[in-house]
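Visitor: I would like to go through this structure and ask what stands behind each label.
Guide: Good. Here it is.

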Amino acid sequence: MSSTPSQSRTSGHDAGKPVGLSVNGHDLLFPPLPYDIHARADKATADKQLLDFVHVATYRKDVTRKQVTSAAFGDRHGAFRDLGAAIKQHTLDHLDHYLEQFVDNATAAGVKVHFAQNAEQANAICLDIARRAGAKLCVKSKSMVTEETQLLPQLEAMGVETVETDLGEFIIQLDHDAPSHIVTPMIHKNRQSVARAFERELGAPYTEDPQELTQIARAHLREKYRRADLGISGGNFLVAETGSVVICTNEGNGRFCTSAPRVHVAFVGIEKLVPTLEHLGVMLKLLARTSTGQPLTVYTHVMTGPRRAHEHGGPDEMHVILLDNGRTEILKPETREMLRCIRCGACLNACPVYRKVGGHSYGAVYSGPIGALITPMFRGLANYPDLPNASSLCGACYEACPVKINIPKYLIQLRAEMVSRRITKWSDRMMYRMWARSLGRGWTYRLGGWAQKLFFRWQARVAGTLESGDPYRARGWLNDLPGAAGGWTSQRDMPTPPARSFRQWWDEQNRP
Ligand code: SF4
């Protein structure tokens, strides 16, 4: 994309109001509400190149996760996942206690801790810190929470040049694009698009060599680190017993962002706590193996306060902004389990729907199965009525999740809530009601099956694709059904039903 991004952030979740980063009139992260997934998903499924990038990358990551976790944990993998789930669940069950402990210990270490109820408050706190520090240049490491609050356009509007330093996020920023994966933000791009972005935006010579591309980014970013007066990061974990913020990166950019500038601000969701450093060890092992297939991320920074008198490196000021933004609502016992998420991205890689439609189709910061679950919780079920249905309920996400969040179970709960609150369309509710009734009575089910068979065979006859032969085997394909049934054949072919049904075959076989 070569357009200039327009920053159209507004606050609140009002239906119909566009919010978020807008490119060529398309709001990438926060589209107009209620969000209709179909247009973007149709566009994504028609883009073969995008599908190839996403499919190959997610498939590889999923295979690597399985190999690495099985080699590392063997038959103790299930027990390790149970342990990770128990640590997170225990912390969430006593979140008030651990939050207090974290605040006390972080404050004692010299950190200024702020609480933000929503995105607007979190951004306002950060802007105030930037203003008081007289910040002109900000370097930022990867943070999903700042995507959630849409901080960057606000800093830029205040005159603070803000540079993403994670390589993927940096390229996304150059392209005025939005991340499409929790861990690998530019999963929808390839080497050629990176080369074009560097040539166009940085004036670098065109090259597709990964080493050369990395060197171009490195040279550009080093200069920014040197001059930056504000560093912003997220936080993978918070450790209550020490008051530490932990970030995991593979590029070392996190350390530059948090130690080179005078002021460091960490944006972290309140659910990221673990009780002790011992618990942190378990979570780090799970996170690295399930997200990138590494034993440990290359850099794990445990930051406890600003620079001390005897230290050479580190910021003079360290702030932690603890963000709620809908999390305390999810903390109720019925949905608390969802907050165990450590944003490893494994459920995205395992999901057959994510692989087909990519991250932008979800119309929100968090995509894939966990996005389909928490986006409606954060931003209103009525605003995202398609997301609970954007799943085949195959269970691959549950199997992949290192903290055992039962995503399919909660998606079904959301679907039930949509029906009970009449968010589901009247026509859909009627159709499913009739379907349920027909399944409850043998004769209506048989009548429906018979009518459906006649209709499909008639369609195949009209299309000239009906083949004769064994009456008990499907013959020929349907690829252009009319009306609502066309939604199915627009993306895939369907076998023509056989002339005689399975029930007829069964009766014949079992005739005395
Ligand atoms: S839901 Fe589980 S698998 Fe998905 S990102 Fe969160 S921790 Fe990872």
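Guide: The residues lining the second largest pocket divide into 22 nonpolar, 15 polar and ten charged. Keep in mind that this is a predicted model.

Visitor: How many residues line that second largest pocket, and which lie nearest its centre?
Guide: The lining has 47 residues. Asp166, Val183, Thr184, Pro185 and Glu251 are the ones nearest the centre.

Visitor: What makes Asp166 and Glu251 charged, and Val183 and Pro185 nonpolar?
Guide: The residue type decides. Asp and Glu are on the charged list, while Val and Pro are on the nonpolar one. Thr is on neither list, so Thr184 counts as polar.

Visitor: How much space does the second largest pocket hold?
Guide: About 1200 Å³.

Visitor: Which elements supply its lining?
Guide: At least two residues each come from α2 (48-73), α6 (144-149), α8 (167-174), α9 (191-202), α10 (210-227), β9 (244-249) and α12 (277-291). The largest share is that of α2, with five residues.

Visitor: Now the enclosed spaces. How many cavities of 30 Å³ or more are there?
Guide: The search of the whole structure finds two.

Visitor: What makes a space a cavity and not a pocket?
Guide: The way out. A 1.4 Å probe fits in a cavity but cannot get out, whereas a pocket is open.

Visitor: What is known of the largest cavity?
Guide: Its space is about 90 Å³. The lining has 13 residues, and Cys341, Cys344, Cys347, Cys401 and Ile405 lie nearest the centre. By class the lining has eleven nonpolar, one polar and one charged residues.

Visitor: Why do those cysteines count as nonpolar?
Guide: Cys is named on the nonpolar list, so Cys341, Cys344, Cys347 and Cys401 fall in that class.

Visitor: And what of the second largest cavity?
Guide: About 60 Å³ of space lies there. Its lining includes Cys351, Pro352, Pro369, Ser391, Leu393, Gly395 and Pro408. The classes come to eight nonpolar, three polar and no charged.

Visitor: Why does Gly395 not count as nonpolar?
Guide: Gly is placed among the polar residues by the rule, so Gly395 is polar here.

Visitor: On to the rings. How many aromatic pairs are there?
Guide: The count is twelve. One of them joins Tyr35 and Tyr384, with 5.7 Å centre to centre and 45° between the planes.

Visitor: Why is the pair of Tyr35 and Tyr384 called tilted?
Guide: Stacked needs planes under 30 degrees apart, and edge-to-face needs over 60. An angle of 45° meets neither, so the pair is tilted.

Visitor: Where in the chain do these two tyrosines lie?
Guide: Tyr35 is in the loop between β3 (26-27) and α1 (37-46). Tyr384 is in the loop between α16 (368-379) and α17 (396-400). They are 349 residues apart, so the pair links distant parts of the chain.

Visitor: Are the two buried or exposed?
Guide: Buried means under 20% relative accessible area. Tyr35 has 5%, so Tyr35 is buried. Tyr384 has 0%, so Tyr384 is buried too.

Visitor: What makes Phe73 and Phe80 a stacked pair?
Guide: Their ring centres are 4.4 Å apart, within the 6.5 Å limit, so they pair. Their planes stand at 25°, under 30 degrees, so the pair is stacked. Both Phe73 and Phe80 are buried.

Visitor: Which residues do ring pairs link into a cluster?
Guide: Phe455, Phe456 and Trp458.

Visitor: How do you know that Arg492 sits over a ring?
Guide: The limit is 6 Å from the ring centre, together with an angle within 35 degrees of the ring normal. The charged end of Arg492 is 4.0 Å from the centre of the Trp488 ring and sits over that ring. Likewise, the charged end of Arg343 sits over the ring of Tyr366, at 4.5 Å.

Visitor: Why is Arg336 called buried?
Guide: Its relative accessible area is 17%, under the 20% cut-off, so Arg336 is buried. Arg336 lies in the loop between α13 (327-330) and α14 (346-350). Its contacts include Gln89, Asp93 and Leu331.

Visitor: And why does Thr258 count as buried?
Guide: At 5%, Thr258 is under the 20% cut-off, so the label holds. Thr258 is found in helix α11 (residues 253-259). Among its contacts are Ser233, His264 and Pro315.

Methods
Residues are numbered from 1 along each chain as its sequence is written. This is a predicted model: local features need pLDDT of at least 70, side-chain atom pairs count only at pLDDT 80 or more; totals for chains, interfaces and linings use all residues. Side-chain values use heavy atoms; hydrogens and water are left out. Helices (H or I, at least four residues) and strands (E, at least two) are DSSP runs, numbered from the N terminus. Buried means under 20% relative accessible area, exposed over 50%, partly exposed in between (1.4 Å probe, protein chains only). Contact means heavy atoms within 4.5 Å. On a 1 Å grid over the protein atoms alone, a cavity is a set of points where a 1.4 Å probe fits but cannot get out, and a pocket is an open set with protein on both sides within 12 Å along at least five of seven lines; lining residues have an atom within 4 Å of a point. Grid points are joined across faces, edges and corners, and a volume is the space filled by probe spheres set on the points. Rings of Phe, Tyr and Trp (its six-membered ring) pair if their centres lie within 6.5 Å; planes under 30 degrees apart count as stacked, over 60 as edge-to-face and the rest as tilted. Lists of a residue's contacts leave out its neighbours within four places in sequence.
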